[in-house]
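Notebook open, coffee poured. I'm going through one structure entry by entry and writing down what I look up.

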Amino acid sequence: QVQLVESGGGLVQAGGSLRLSCAASGTVSSVETTGWYRQAPGKERELVASITTGDSTNYADSVQGRFTISRDNAKKTVYLQMNSLKPEDTAVYYCNALIQVYGNPHTYSYWGQGTQVTVSS
């Protein structure tokens, strides 16, 4: 069984910072490409940032230069450092990862439960 657990969300004033964590646990052999998504009320879920096993990163235009995605393979954890937060960054943030489990050569997509980020003006 595999779990992805996000943490680090909260309420912050505009201009502030938060760091989100996405930790994989269970029968996890490796965590491969991982992405952070967000969904604001009434809007579709959108990709915010992603990182590959080779540490190649990709960012949405709206967060480029403010957010940084990184990973710690030993801890099976991916982080999203969010700086210069704006009210429009308010959303539920979800982690999605391609994970290989022990004893299975295939990778499967898993989602976390989400963590709320609220930025006040």
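**Entry 1: Gly 35 and its two neighbours**

Note to self before I start: this is a predicted model. I picked Gly 35 and looked for what stands opposite it in E9, and found Asn 96. Then I looked on the E5 side, where the bridge partner of Gly 35 is Ser 50.

Next I checked the strands themselves. Strand E4 covers residues 28–39 and strand E9 covers residues 91–101; they run antiparallel, with nine bridges joining them. E4 is also joined to strand E5 (residues 46–51) by five bridges, again antiparallel. Reminder from class: strands of a sheet pair through backbone hydrogen bonds, either parallel or antiparallel.

I found another pair on the E5 side too: Thr 34 has Ile 51 as its bridge partner there.

**Entry 2: Two hairpins**

How many residues lie between E4 and E5 in their hairpin? I get six, and Gly 42 in the turn has a positive phi of about 80°.

I followed E5 onward to strand E6 (residues 57–59), and the two pair in the antiparallel sense over three bridges. One of the pairs I wrote down is Ala 49 with Tyr 59 in E6. The E5 and E6 hairpin has five residues between the strands, and Asp 55 takes a positive phi near 70°.

**Entry 3: The other sheet I looked up**

I traced an open sheet of four strands in the order E1-E3-E8-E7, with antiparallel pairing. Which strands are at its edges? They are E1 and E7, since each pairs on one side only. I also looked up the turn between neighbouring strands of this sheet, which is 15° on average, direction ignored.

Zooming in, I see E1 and E3 paired in the antiparallel sense over six bridges. Val 2 stands opposite Gly 26 in E3.

While in E3, I stopped at Ser 21. Buried or exposed? Ser 21 is buried, at a relative accessible area of 15%, and the cut-off for buried is under 20%. Leaving out neighbours within four places in sequence, I listed what Ser 21 is in contact with: Val 5, Glu 6, Ser 7, Trp 36, Thr 77, Val 78 and Tyr 79.

**Entry 4: Hunting for disulfides**

I searched the whole structure and got one disulfide. It joins Cys 22 to Cys 95, with S to S at 2.0 Å. Cys 22 sits in strand E3 (residues 18–26) and Cys 95 in strand E9, so the pair ties together parts that are 73 residues apart in sequence. A refresher I jotted in the margin: a disulfide is a covalent bond between the sulfur atoms of two cysteines.

Why is this disulfide left-handed? Because the torsion about the S-S bond of Cys 22 and Cys 95 is about -75°. I checked accessibility as well: Cys 22 is buried at 3% relative accessible area, and Cys 95 is buried at 0%.

**Entry 5: The nonpolar core**

I pulled up the largest nonpolar core, which has 31 residues. Those with the most contacts inside it are Trp 36, Phe 67, Ile 69, Leu 80, Met 82, Tyr 93 and Ile 99. Several strands each supply at least two residues, among them E1 (2–7), E7 (67–72), E8 (77–82) and E11 (115–120). Which strand gives the most? E9 does, with six residues.

**Entry 6: Arg 38 and Val 92**

Arg 38 is in strand E4. I wanted to know if this one is buried or exposed. At 6% relative accessibility, Arg 38 counts as buried. Its side chain makes a polar contact with the side chain of Ser 62 at 3.3 Å, and a polar contact of 2.9 Å joins the side chains of Arg 38 and Tyr 93. Not counting residues up to four places away in sequence, Arg 38 touches a list of residues including Glu 44, Glu 46, Phe 67, Asp 89 and Val 92.

That last name sent me to Val 92, which is in strand E9. Val 92 counts as partly exposed, at 22% relative accessibility. With the same kind of neighbours left out, I find Val 92 touching Tyr 37, Arg 38, Gln 39, Gly 114, Thr 115 and Gln 116. I checked Gly 114 further: Val 92 and Gly 114 are 22 residues apart in sequence, yet 5.9 Å apart in space, C-alpha to C-alpha.

Technical notes:
Residues are numbered from 1 along each chain as its sequence is written. Side-chain values use heavy atoms; hydrogens and water are left out. Two strands pair if DSSP finds at least two bridges between them. A disulfide is a pair of cysteine sulfur atoms within 2.5 Å. Buried means under 20% relative accessible area, exposed over 50%, partly exposed in between (1.4 Å probe, protein chains only). A nonpolar core is a set of buried Ala, Val, Leu, Ile, Met, Phe, Trp, Tyr and Cys residues joined through side-chain atoms within 4.5 Å. Axes are lines fitted to C-alpha atoms, for helices over the stretch in contact, and angles run from 0 to 180 degrees between N-to-C directions. Contact means heavy atoms within 4.5 Å. A polar contact is a pair of N or O atoms within 3.5 Å; within protein, one must be able to donate a hydrogen and the other to accept it, and residues adjacent in sequence count only if both atoms are side-chain atoms.
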